[in-house]
Amino acid sequence: FLTLRPESIHQVSFLFSDRGIPDGHRHMNGYGSHTFKLVNDKGEAVYCKFHLKTDQGSKCILPEKAAVIAGTDPDYSIRDLYNAIATKNFPSWTLYIQVMTFEEAEKHRWNPFDLTKIWPHKEFPLIPVGKMVLDRNPKNYFAEVEQMAYEPSNMPPGIETSPDKMLQGRLFSYMDTHRHRLGPNYHMIPVNCPFQTRARNYQRDGFMCVDSNHDGCPNYYPNSFSGPVDDMKHRAAHYHLPAADVERYNTADDDNFTQAG
């Protein structure tokens, strides 16, 4: 597989290194991996990557110990996280971003939207922007954890997608997965729905619909019954595409070994 899909070499080099098996959730970093887009209130945009660096310090274990834990104590990592929170030793991660302008993206030697490549920190340094702190354990694991449904198509204002083709595929595939696992109205489950606002759209019906199902409002658009309309202030930011030919592109011949070392 590695010889036929050389773009996987970079990730596998981490897997087989001393960093390959983290010692629990508290001692591992988190990475957005994909390239996203940040847009300010003036509509000005840059590309970005997200990094969550553990404040507990990165810590890993050897394969021999991992094999024993996997066979004798499968709850090792989640119990460590639960107990830390229960004893008020709240784990935290510092959130960093990397920023790349559109002009830099056009000229960069590597494809900035390639999920298998990183942005060198010397050229695009990490910028600290905040912290994530886990300070409460779930009261009911099934209701609050197993029913969670994350999807990259749900983004807060100011964060948008990029031409990252893996991200583009995940925009719709994650929703399909949730519909299969949790049902068509998974977004109504309390752990997944917004409590500070109410979505107004034309999505209705389906098994396990637990709200008013939009009462007697029309389910077509446009209509003359004061139904929801597009809010243009939330439209995606515009961006410039230089003149180019469009065709299917095979990345197998890209430089897949320099970053892997």
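Which residues line the largest cavity? That is the topic of the first of these close-ups, which come from a predicted model.

**View 1. The largest cavity and its lining.** Going round the wall, you meet Glu-7, His-10, Thr-116, Lys-117, Asp-255, Asn-256, Phe-257, Gln-259 and Ala-260. The space inside comes to about 40 Å³. If you go looking for others, the structure holds one cavity of 30 Å³ or more. The general idea is simple: rolling a probe the size of a water molecule over the atoms shows where empty space is left.

**View 2. Strand E3 with E1 and E2 as partners.** Strand E3 covers residues 45-54, and strand E1, at residues 30-31, pairs with E3 in the antiparallel sense over two bridges. To find that pairing, look for Gly-30, which sits opposite Leu-52 in E3. Strand E2 (residues 36-39) also runs antiparallel to E3, with four bridges joining the two. Here Phe-36 is the residue to pick out, standing opposite Cys-48 of E3. E2 and E3 make a hairpin with five residues between them, and Gly-43 in the turn takes a positive phi of about 85°.

**View 3. E3 meets E4.** Eight bridges hold E3 and strand E4 (residues 92-100) together, again in the antiparallel sense. A handy landmark is His-51, whose bridge partner in E4 is Tyr-96.

**View 4. The largest nonpolar core, centred on a look at Phe-124.** Seven residues make up this core: Tyr-47, Met-100, Phe-102, Ala-105, Phe-113, Trp-119 and Phe-124. Leaving aside residues up to four places away in sequence, Phe-124 touches Gln-98, Val-99, Met-100, Glu-104, His-108 and Trp-119. A second core, separate from this one, has six residues, among them Phe-50, Ile-97, Leu-167 and Leu-171. As a rule, in soluble globular proteins nonpolar side chains tend to be buried together.

**View 5. Helix H3 and the residue just past its end.** H3 spans residues 76-86, and Leu-81, Ala-84 and Ile-85 are buried in it. Down the axis of H3, the buried residues fall within an arc of 95°, so they line one face of the helix. An α-helix has 3.6 residues a turn, so residues three or four places apart point the same way. Just after H3 comes Lys-88, with a positive phi of about 65°.

Note on methods. Residues are numbered from 1 along each chain as its sequence is written. This is a predicted model: local features need pLDDT of at least 70, side-chain atom pairs count only at pLDDT 80 or more; totals for chains, interfaces and linings use all residues. Side-chain values use heavy atoms; hydrogens and water are left out. Buried means under 20% relative accessible area, exposed over 50%, partly exposed in between (1.4 Å probe, protein chains only). The arc is that of the directions from the helix axis to the C-beta atoms. Two strands pair if DSSP finds at least two bridges between them. A nonpolar core is a set of buried Ala, Val, Leu, Ile, Met, Phe, Trp, Tyr and Cys residues joined through side-chain atoms within 4.5 Å. Contact means heavy atoms within 4.5 Å. On a 1 Å grid over the protein atoms alone, a cavity is a set of points where a 1.4 Å probe fits but cannot get out, and a pocket is an open set with protein on both sides within 12 Å along at least five of seven lines; lining residues have an atom within 4 Å of a point. Grid points are joined across faces, edges and corners, and a volume is the space filled by probe spheres set on the points.
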